[in-house]
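I opened this notebook to record what I looked up in one structure, entry by entry.

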Amino acid sequence: MKSQAETVTLLHKHSDLSLSLVSSTLPIGWFPESDYLSSILESAAIYPGKRNFTSKKESKTSFAIETFIPFLLAGVGMAGAGLLLDRATNWTFLREMPEAMILVPALLGLKGNLEMTLASRLSTMANLGLMDTKAQQLRALISNVSLVQAQAIVVSFGAALLTICTFYVEGNGFHLSHVISLTLISVLTAVVASLILSTLMVIIAIVARKVHINPDNIATPLAATTGDVTTLAFLILFGTWINQNREENLFIYTVFLGLLLSSSIIWMIIASRNTVTNEVLKYGWFAIMAGMVISSTGGYIMKGSHKKFPDVALFQPVINGVGGNLVAVQASRISTYLHKFGKMGILPANSLLTYFNPLRTFSCDEDESTQAVILLLMCVPGHIIFLLLIFAVEIDFSRFNFIFLFLYLVVGAIQVALLLYFCQFLSRLIWKMKFNPDNNSIPILTALGDLLGSILLLVVFSILSLSNFQGFTVTN
């Protein structure tokens, strides 16, 4: 093993900056080769265990390819969710229980928050070599699925209560069967969808590691490939089923809801036995609860937008999902970088104020800025492909509006640019506050994506309405 003096000499040979741990800084993209530095990082790490760092520098081409293909697959899923939501607005469930529309962004956002946070956490663990053995993989599967189940139950219950309060404040009456049914729909949807998707995320992280693909690039977009459609389908399925006989089955629904809520205690006990997931149980609630509130605000905006512009439902999951997916990739990569080269509470390079500069997001001569530019550019062809898919399946191309396309692409790019800027600062701020960005940055960022998407899409339709735009003729 090299001495400390030899290690510092080695580090200075690679960089002239200063590292908070050993008086030298590691630029993004450089990986340590010394066992001594690895041992220092282990001693201050959130993720315990022997590290297996990889030193291969990722090219721009490989990053773009690995990210864009899952992004396209995710976009197809989001477009499918938009088509399904547009159809479902005319079905009995959403007509009789219109406040469930507020739950749509909240539950889709919850899925995004939990699954993308899980994907980021697993990507960091995989890149640190902490998921290489079967024992590590099994431990990661059990503890992380248990954690996500506990989070899904608690947050979906909170989302239902927030929706009910909003519905009551609007002047609607209070009916016990209505409250129990809506709460059960929310919790049951979150439990089933999260169980399926969290298991899938663990498998993706393990497979990506084995085939030498960076999980940071593919795990978060793949979390949304089937996530939106799956969650929305379960919401409509359970909603239709529960709403049909809610008066007759009120007692059964109440008991079932109580069992689901009680099971969260069991899931928490299982998750608490793992160091990593136990830390999330202790300190990871604020971010996902804040994300739920922000997403619910976006849902309230969407509910109002849908009354005035029914076509909003077609495009809402897409614009919300694109921004969330792209910023989640960047947040996951920044978190991995901080865990590899930083000490909790101390940034590996630069001061926090450096990342408050919006120009640094896209114009700095670092890999992070280059990747931000690539992600921003991805949203334009991505949105075009997804819009064409929606028009091909649901809207006649004779109704295609180029002004709508232009405005939609502009607000889509604005949304992604703002999220990437927030990401570079928020991730470092959370790290400086000695919290794990894997668990706290993505929930807030994806929720902001939902809120921005709802507001910006309303702006697009409001501008078009000034030119007597009557909306698209939907052929169901």
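Before the first entry I fix one term: a residue is exposed when its relative accessible area is over 50%, buried when that area is under 20%, and partly exposed in between. By that cut-off Phe 402 is exposed, because its relative accessible area is 64%.

Entry: the model as a whole.
I note that this is a predicted model. I looked up the secondary structure and found 17 helices and zero strands in the protein chain. The chain has 476 residues, and buried residues make up 59% of them. I then took the contacts between residues at least 6 apart in sequence; 82% of these join residues at least 24 apart.

Entry: H16 and H17.
I describe two packed helices by the angle between their axes and the distance between the axes. How do the axes of H16 and H17 cross, and within what distance do they come? H16 covers residues 402-432 and H17 covers residues 437-465; their axes come within 9 Å and cross at roughly 155°. Angles over 145 degrees count as roughly antiparallel, and H16 and H17 are therefore roughly antiparallel to each other. I recorded the handedness of this crossing as right-handed. Sorted by class, the contact of H16 with H17 holds 23 nonpolar residues, six polar ones and no charged ones.

Entry: the loop between H16 and H17.
I went to Lys 434, which is found in the loop between H16 and H17. Its phi is positive, about 65°, although Lys 434 is not a glycine. Is Lys 434 buried or exposed? Lys 434 counts as exposed, because its relative accessibility is 58%.

Entry: aromatic pairs.
I searched the whole structure and obtained 15 aromatic pairs. One of them is formed by Phe 315 and Phe 404, with 5.0 Å centre to centre and 50° between the planes, and this pair is tilted. The pair links distant parts of the chain: Phe 315 sits in helix H13 (residues 312-341) and Phe 404 in helix H16, 89 residues apart. I checked the accessibility of both rings' residues. Phe 315 counts as buried because its relative accessibility is 0%, and Phe 404 counts as buried because its value is 1%.
I also looked at Phe 400 and Phe 402, whose ring centres are 5.0 Å apart; their planes are at 75°, so this pair is edge-to-face. Phe 402 is the exposed residue with which I began, at 64%.
Which residues form one aromatic cluster? I listed Phe 309, Phe 315, Phe 404, Tyr 408 and Phe 461.

Entry: Trp 285 and its surroundings.
Trp 285 has its place in helix H12 (residues 285-308). Leaving aside neighbours within four places in sequence, I found Trp 285 in contact with Ala 150, Gln 151, Val 154, Val 155, Met 268 and Val 280. I also read off the C-alpha separation of Trp 285 and Asn 440, which is 8.5 Å, with their positions 155 residues apart along the chain.
From that list I followed Val 154, which lies in helix H6 (residues 134-169). Val 154 counts as partly exposed, because its relative accessibility is 28%. Apart from residues up to four places away in sequence, Val 154 touches Met 268 and Trp 285. The C-alpha atoms of Val 154 and Trp 285 are separated by 9.6 Å, and the two residues are 131 residues apart along the chain.
I then followed Gln 151, which also lies in helix H6. Is Gln 151 buried or exposed? Gln 151 counts as buried, because its relative accessibility is 5%. With neighbours within four places in sequence left aside, its contacts are Leu 114, Val 280, Gly 284, Trp 285 and Ile 288.

Entry: H7 and H10.
The last helix pair I looked up is H7 (residues 176-210) and H10 (residues 250-271), whose axes come within 10 Å and cross at roughly 40°. That angle makes H7 oblique to H10. I recorded the crossing of H7 past H10 as left-handed. On the H7 side the contact includes Leu 176, Ile 180, Leu 184 and Val 187, and on the H10 side it includes Leu 250, Tyr 253, Phe 256 and Leu 260. By class, I noted eleven nonpolar, four polar and no charged residues in the contact of H7 with H10.

Notes:
Residues numbered from 1 in each chain as written. Predicted model: local features only at pLDDT ≥ 70, side-chain atom pairs only at ≥ 80, totals over all residues. Heavy atoms only, no water. Axes fitted to C-alpha atoms, helices over the stretch in contact; angles between N-to-C directions. Helix = DSSP H or I, 4+ residues; strand = E, 2+ residues; numbered from the N terminus. Parallel < 35°, antiparallel > 145°, perpendicular 65-115°, else oblique. Left-handed = near helix turned anticlockwise from the far one by under 90°. Nonpolar A, V, L, I, M, F, W, Y, C, P; charged D, E, K, R; others polar. Contact = heavy atoms within 4.5 Å. Buried < 20%, exposed > 50% of the residue type's maximum accessible area, 1.4 Å probe, protein only. Phe/Tyr/Trp six-rings, centres within 6.5 Å; stacked < 30°, edge-to-face > 60°.
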